[in-house]
Amino acid sequence: MKIRLSNQEVEECLKHWLNTKAHSYYGSSYGENVNRSQFRPISENSADIFLAKLKKDLPFLNELNQDAVQIIEENIGYDKKHFFLVVGEVEILIHESTTSSTGHTFNANAF
Amino acid sequence: MLTLSEIKKRLEVNLQEYPDIYARYLAGVPTVCAHLNALASFLADQAVDLEKAQLEPFIKSNERTILADAVNKGILPIATPCQHKLRIENKGNNPCSLSAGRLLSDAEGRIWRLIQTANIPDNTSTIVVVEQSTLRHLNYNARIKETFHTVELDLQEDSHLAGLTVSDDSGNVYTYCKRWMNVEAGKYAYTLKMDSRKRIGVEFGDSERVGQTLQPNTLLTFSILETDGEVDVNHLLEASLEEIIQADEAKLELEFVSNGLIRSGANPLNTEQLRLLSSYPTYDDNAVLLSDFDHAVRKKFMNRCHYLTIWNESVHSTYYPKDITNDDINKLKVAFKPKAKADKDQLTYDLKRHIKSLDSLYDESNVDIIDVEQRAFRVVISAKLAPVHNTDAVKEEIRNLLLSKYGQNLTATSYFLPDGFNTQDISKLLTGHISAFQDKISDFKIQVEDIAENPIKPHQCVFMTKDSISIEISRTALSGASLWTD
């Protein structure tokens, strides 16, 4: 059974993946700890590891060409970088994860 | 138990009602998959818990429960090394001596050890005792100070632990205690633990409470006695020295003395035997009640006996009312059938010594050994079989199945069965293993011999033989019933 995912759907998938920390779903390692690329040498290349994990978690991306899934970086000033995850026509800015359960915004008494 | 793949299969079947979502599920689109798979994983893990929680109110049947029971009761996978007499003949013209501890190997490559020093004048022969075991020294450096520090014993493959001495570099010898209860604080002691993978760990104590805390940088020496366990003594012929140190030793001829068995070797207990032990309500080696003695003795000797039972004067008066005298008061009776006949004397000695160590009241003079009588147990199985089954084949199948479980010299027939074999168990065994009884119309009835008239006595070893099993098979009605299965 073949289906065609729309750009919007692919974007939803990628955002879902980026916003899910690894191992947050019971019984699966699905997800990525985006925050780990912070405080690393700015010249470090970890895109391959990132993409390998992405393709493992979203197996349908393996059916695309090698070039269809990539990471693009943009230098902003001399000490800042933006990364973009690009799949076909979809382009997403990888930003600091906001779903973190640590920090002062976490409500320990939440039901 | 539902496994993860079974749950996922069912999920896929259900998803087929929603083709759009099903396609995305198959493609691995996370917005669809992630939570469904998380639920499936959760249910699968829950299923494991549910299965574990299933009660085994009376009979422990799961292998892991049996093993856990053995761990709790402190039953360790320990083997008994075989001891045998060996004749050494000196064919040379010079006297020769072999010191205790020299290694020999037999025709099957097992390593034996001289446990006596042999001095053999020229052209004579002498008989010494050898043991099928090897002694190995392992050094261990405790690098950290930790209470109840545990060291895993690294045993050689295919060999079992038979003995252990632990000492440290300051000359302290640690003594073995079965458990920490009643061990004084500061005493040099260790205890052995088994985990569910049958690995043995040596545990040291805590100076504040029991035993002695290991100090950092203590150099421990473990002297491990390992053995292969059971040895078929009928195939023991000649032996040869592992290495020749002096030229004269090449002139020595070594030969196992026929009927020279001193103590027969025994393997560690297998799961079937542990299953039997797990049905005793005993949790330690303090023998108080009769069943405690039976458990403690069986635990130690069941691998050297085909039949073993121990009873006291009250049981004796029930089963032998005519024979009982005043001499039977405060005595334990033991009936056993050794695996190797030659082992009988040594086993009697070992048994008496063990019973004395359990309760000093029962010293050697207060334990009577009684001969075992063989008793074939009659079973009649009347079966009705559907016409499709071959009668003779089923008969043979039933007979073989019963003999493999209740035949002579098996674990199920190794203890006193005052009520004979349990027909419920037999019927479970038959329905479980004979496919001819698994359809809807085949039926069987089990009749066992009436033991009210001729009760089974403790010294009688009950088992089934080919002739004691009779099987009558008749055909089910050929017409009238239209049912085949439900």
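Is B:Val48 buried, exposed or partly exposed? In this predicted model, B:Val48 is partly exposed, because its relative accessible area is 31%, and buried would require a value under 20% while exposed would require one over 50%. The residue belongs to helix H3 of chain B, which covers residues 30–53. Its C-alpha lies 8.2 Å from that of B:Thr3, although 45 residues separate the two in sequence.

Helix H3 of chain B also takes us to the aromatic residues. Over all chains, the structure holds 16 aromatic pairs. Here are two of them, side by side:

| Pair | Geometry | Centre to centre | Angle between planes |
|---|---|---|---|
| A:Tyr26 and B:Phe42 | edge-to-face | 5.3 Å | 80 degrees |
| B:Phe437 and B:Phe444 | tilted | 4.6 Å | 50 degrees |

The edge-to-face pair joins two chains, because A:Tyr26 sits in the loop between H1 and H2 of chain A and B:Phe42 in helix H3 of chain B. A:Tyr26 is partly exposed at 39% relative accessible area, and B:Phe42 is partly exposed at 38%. B:Phe437 and B:Phe444, by contrast, are both buried.

Chain B has further ring features to look at. B:Tyr140, B:Tyr174, B:Tyr188, B:Phe204 and B:Phe222 make up one aromatic cluster. Elsewhere, B:Lys344 is placed over the face of B:Phe336, 5.9 Å from the ring centre.

Now for the helices on either side of that loop in chain A. H1 (residues 7–18) packs against H2 (residues 47–57) at about 115 degrees, with 12 Å between the axes, and the crossing is right-handed. A:Leu14, A:Trp17 and A:Leu18 of H1 meet A:Phe50, A:Lys53, A:Leu54 and A:Asp57 of H2. Five of these contact residues are nonpolar and two are charged, with no polar ones.

Notes: Residues are numbered from 1 along each chain as its sequence is written. Chains are lettered from A and ligands numbered from 1 in the order in which they are written. This is a predicted model: local features need pLDDT of at least 70, side-chain atom pairs count only at pLDDT 80 or more; totals for chains, interfaces and linings use all residues. Side-chain values use heavy atoms; hydrogens and water are left out. Axes are lines fitted to C-alpha atoms, for helices over the stretch in contact, and angles run from 0 to 180 degrees between N-to-C directions. Helices (H or I, at least four residues) and strands (E, at least two) are DSSP runs, numbered from the N terminus. A crossing is left-handed if the near helix is turned anticlockwise from the far one by less than a right angle, and right-handed if clockwise. Contact means heavy atoms within 4.5 Å. Ala, Val, Leu, Ile, Met, Phe, Trp, Tyr, Cys and Pro count as nonpolar, Asp, Glu, Lys and Arg as charged, and the others, Gly among them, as polar. Buried means under 20% relative accessible area, exposed over 50%, partly exposed in between (1.4 Å probe, protein chains only). Rings of Phe, Tyr and Trp (its six-membered ring) pair if their centres lie within 6.5 Å; planes under 30 degrees apart count as stacked, over 60 as edge-to-face and the rest as tilted. A charge sits over a ring if NZ of Lys or CZ of Arg is within 6 Å of the ring centre and within 35 degrees of the ring normal.
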